[in-house]
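Here are my comments on the model, as numbered points. Please read them with the structure open.

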Amino acid sequence: MRSLQERLYACGRYAILLIFQAMDAAGKDGAIKHVMSGVNPQGCRVFSFKHPSAAELQHDFLWRTTRDLPERGQIGIFNRSYYEEVLIARVHPEILRGEGVPETGNDGRSIWQGRYRSIANLERHLHRNGTRIIKFYLHLSKDEQRRRFLERIDTPAKNWKVTMADVEERKYWKQYMKAYEECLGATSTNHTPWHIVPADDKENARLIVSRIVLDTLGALDLAYPKSTAQRRRELRAIRAQLLK
């Protein structure tokens, strides 16, 4: 990973964007921590998107995340992303009402179809311009989520990780699964497919994520810039200056 990241930076032609989506306690933070532990932090940035601010609500739903897209040569990681706007906003319609979006007619599905198209168009545009997007859905079972919540309660150092709101969200499990199913089907394309990773086994999930990231980087034409006659003359001049 470290070697490929160095070539990614030196090449300067591609950016990498990793997107992690999942239910609570699926292991997003742990996967990011373990998989990216060997990379140079100067070339990698992680963004976690929580509830939008008042200023962010005055813009379109893609605005706040596109500000943090990685530049060429860099790796960006979205711990949750613009996909929240077709997931939690769909399960909890009051969130959508709070965004003040224009009415789209009587068909309640039209806004979600429109957002799927907006996301697909954005990702197509980014791909054309050198950003390779790797999307992970960490698929956690409801029983395993319950076990992990209980473990957090029983482990003092993890108490801060669980709240009553987390437990309340479990009541909407079926609605979330339906929202995820439709979202993944509508936004998985040849260029930016979704990778559905079984997440009940943390170690195995991290291994799968690592392999996919390595395979994606390895498939790119990453190479150090080739030297030219002009560049070699410049280096000889630099050497001569240093040896004076």
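1. Tyr82 is buried, because its relative accessibility is 2% and the cut-off for buried is under 20%. Tyr83 is buried as well, with a relative accessible area of 0%. Tyr82 and Tyr83 form an aromatic pair. Their ring centres are 5.0 Å apart and the planes meet at 35°, which is a tilted arrangement. Keep in mind throughout that this is a predicted model.

2. How many aromatic pairs does a search of the whole structure find? The search gives 7. One of them is Phe47 with Phe49, where the ring centres lie 6.5 Å apart. Their planes are at 20°, so this pair is stacked. A pair counts as stacked when its planes are under 30 degrees apart. Both partners are buried: Phe47 has a relative accessible area of 14%, and Phe49 has 8%. Phe47, Phe49 and Phe78 form one aromatic cluster.

3. Now the overall chain. The protein chain has 12 helices and 5 strands. Its C-alpha atoms fill a box of roughly 75 × 50 × 35 Å along the principal axes. Of its 244 residues, 43% are buried. The chain exposes about 14,300 Å², and carbon and sulfur atoms supply 52% of that area. Take the contacts between residues at least 6 apart in sequence: 79% of them join residues at least 24 apart.

4. Which residues touch the most other members of the largest nonpolar core? They are Phe20, Phe136 and Leu138, in a core of 33 residues. At least two core residues come from each of α1 (2-11), β1 (15-22), α2 (28-35), β3 (75-79), β4 (131-139) and α11 (202-219). The largest share, 5 residues, is from α11. Another core, of 31 residues, lies apart from this one. Its members include Val86, Trp112, Trp173 and Met177.

5. Leu138 deserves a look of its own. Leaving out residues up to four places away in sequence, Leu138 touches Phe20, Gln21, Ala22, Ala26, Gly27 and Lys28, among others. Further along the chain, the list of its contacts includes Val197, Ala199 and Val209.

6. Leu4 sits in helix α1. Is Leu4 buried or exposed? Leu4 counts as buried, because its relative accessibility is 13%. Beyond its neighbours within four places in sequence, Leu4 is in contact with Leu214, Leu217, Gly218 and Leu222. Leu4 and Arg148 are 144 residues apart in sequence, and their C-alpha atoms are 34 Å apart in space.

7. Helix α8 covers residues 142-154, 13 residues in total. From first C-alpha to last, α8 reaches 19 Å, close to the expected 18 Å. Its buried residues are Glu144, Gln145, Arg148, Phe149 and Arg152. Why do these residues share a side of α8? They lie on the same side because they cover an arc of only 140° around the axis. An α-helix has 3.6 residues a turn, so residues three or four places apart point the same way.

8. What covers the buried residues of α8? The cover includes α9 (164-169), α10 (173-187) and α11. On the other side of α8, Asp143, Ile153 and Asp154 are exposed. Helix α11 thus appears in two points: it helps cover α8, and it supplies 5 residues to the largest nonpolar core.

Technical notes:
Residues numbered from 1 in each chain as written. Predicted model: local features only at pLDDT ≥ 70, side-chain atom pairs only at ≥ 80, totals over all residues. Heavy atoms only, no water. Core = buried A, V, L, I, M, F, W, Y, C linked by side-chain atoms within 4.5 Å. Buried < 20%, exposed > 50% of the residue type's maximum accessible area, 1.4 Å probe, protein only. Helix = DSSP H or I, 4+ residues; strand = E, 2+ residues; numbered from the N terminus. Contact = heavy atoms within 4.5 Å. Expected span 1.5 Å × (residues − 1). Arc of directions from axis to C-beta. Areas by Shrake-Rupley, 256 points an atom, 1.4 Å probe, with all protein chains shown as cover. Phe/Tyr/Trp six-rings, centres within 6.5 Å; stacked < 30°, edge-to-face > 60°.
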